[in-house]
Amino acid sequence: MTNVAAPLLAGFSIATVGVVSADGDKFRWPGAVLLCLTSAAFMFVSCLQLGFHARRHLYSWADITAWWAEDEVHDRLVLLREEQHADFQLWVRWRRRAHAAYSAGMVMLWAGVALALVPPVRSALAADQLRWAAVAVAVAGAVLEAVWTAYTPVRRWIRRRQALAGGAHE
């Protein structure tokens, strides 16, 4: 997500902003397209930065023993394990933020693509019918990405609420 996909999609979003900016008259709502694609690029770059920040908190016990001498590890065993545990929790938080930024970027990218596909003028041409079908596919992509992203956190939240409600009755 943060090493390949986000930078690639950020570049795509920025390149598409350039295309829409140069040929805005060929789009029905160029301002809305630019807003969505710029937001997508921002979210993908944010994902990349959040991922870099998260990565510095993820390391193994083998890393710790490579960084410290054996007697230093033995003398600081409890402290080093506590620090590693605290850093792992930070990694989890920053990774979640990176995932949220990536997912928001995907939703905005699909929304921007959908807006870019809307025919510039109303007509009954068969080609425009196909463009509207493509708009529907892009909107479905945005909706599915939003649902996919929200499903696990919402399910986790519901389970916690149920557990708390069940625990209160006991």
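What does the lining of the largest pocket have by class: how many nonpolar, polar and charged residues? The lining has three of each: three nonpolar, three polar and three charged residues. For this count, Ala, Val, Leu, Ile, Met, Phe, Trp, Tyr, Cys and Pro are nonpolar, Asp, Glu, Lys and Arg are charged, and the others, Gly among them, are polar.

## Ground rules

What you're looking at is a predicted model, where local features need pLDDT of at least 70 and side-chain atom pairs count only at pLDDT 80 or more, while totals for chains, interfaces and linings use all residues. Residues are numbered from 1 along each chain as its sequence is written, and side-chain values use heavy atoms, with hydrogens and water left out.

## The largest pocket

Rolling a probe the size of a water molecule over the atoms shows where empty space is left. Here, a pocket is an open set of points on a 1 Å grid over the protein atoms alone, where a 1.4 Å probe fits, with protein on both sides within 12 Å along at least five of seven lines; lining residues have an atom within 4 Å of a point. Volume is the space filled by probe spheres set on the points, with grid points joined across faces, edges and corners.

The largest pocket comes out at about 240 Å³. Its lining is R95, R96, H99, A100, W148, T149, T152, P153 and R156. Two elements, α5 (77-117) and α6, give two or more residues each to that lining, and α6 gives the most, with five. Helices here are DSSP runs (H or I, at least four residues), numbered from the N terminus.

## The second largest pocket

Next up is a pocket of about 150 Å³. M1, T2, N3, G51, F52, A54, R55, W91, R95 and A98 line this one. You'll spot R95 in the lining of the largest pocket and in that of the second largest. At least two lining residues come from each of α2 (30-55) and α5, and α2 has the largest share, with four. By class, the lining has five nonpolar, three polar and two charged residues.

A98 sits in helix α5. Because its relative accessibility is 1%, A98 counts as buried (buried is under 20% relative accessible area, exposed over 50%, partly exposed in between, using a 1.4 Å probe and protein chains only). The C-alpha atoms of A98 and T16 are 23 Å apart, with their positions 82 residues apart along the chain.

## A nonpolar patch on α6

V139, V143 and V147 make a nonpolar surface patch of about 240 Å². Patch members have over 30% relative accessible area and no salt bridge; nonpolar side chains (Val, Leu, Ile, Met, Phe, Trp, Tyr) are joined within 5 Å, like charges within 9 Å. The areas come from the Shrake-Rupley method with a 1.4 Å probe, and for residues only the protein chains shown count as cover.

V139 lies in helix α6 (residues 126-169). At 39% relative accessibility, V139 is partly exposed.

## A salt bridge and a loop tryptophan

The count comes to one salt bridge, meaning a side-chain nitrogen of Lys or Arg within 4 Å of a carboxyl oxygen of Asp or Glu. The partners are D23 and K26, at 3.7 Å from N to O. D23 is partly exposed, with a relative accessible area of 30%.

W29 is in the loop between α1 (5-22) and α2. W29 is partly exposed too, at 40%. From W29 to L58 is 29 residues along the chain, and their C-alpha atoms are separated by 44 Å.
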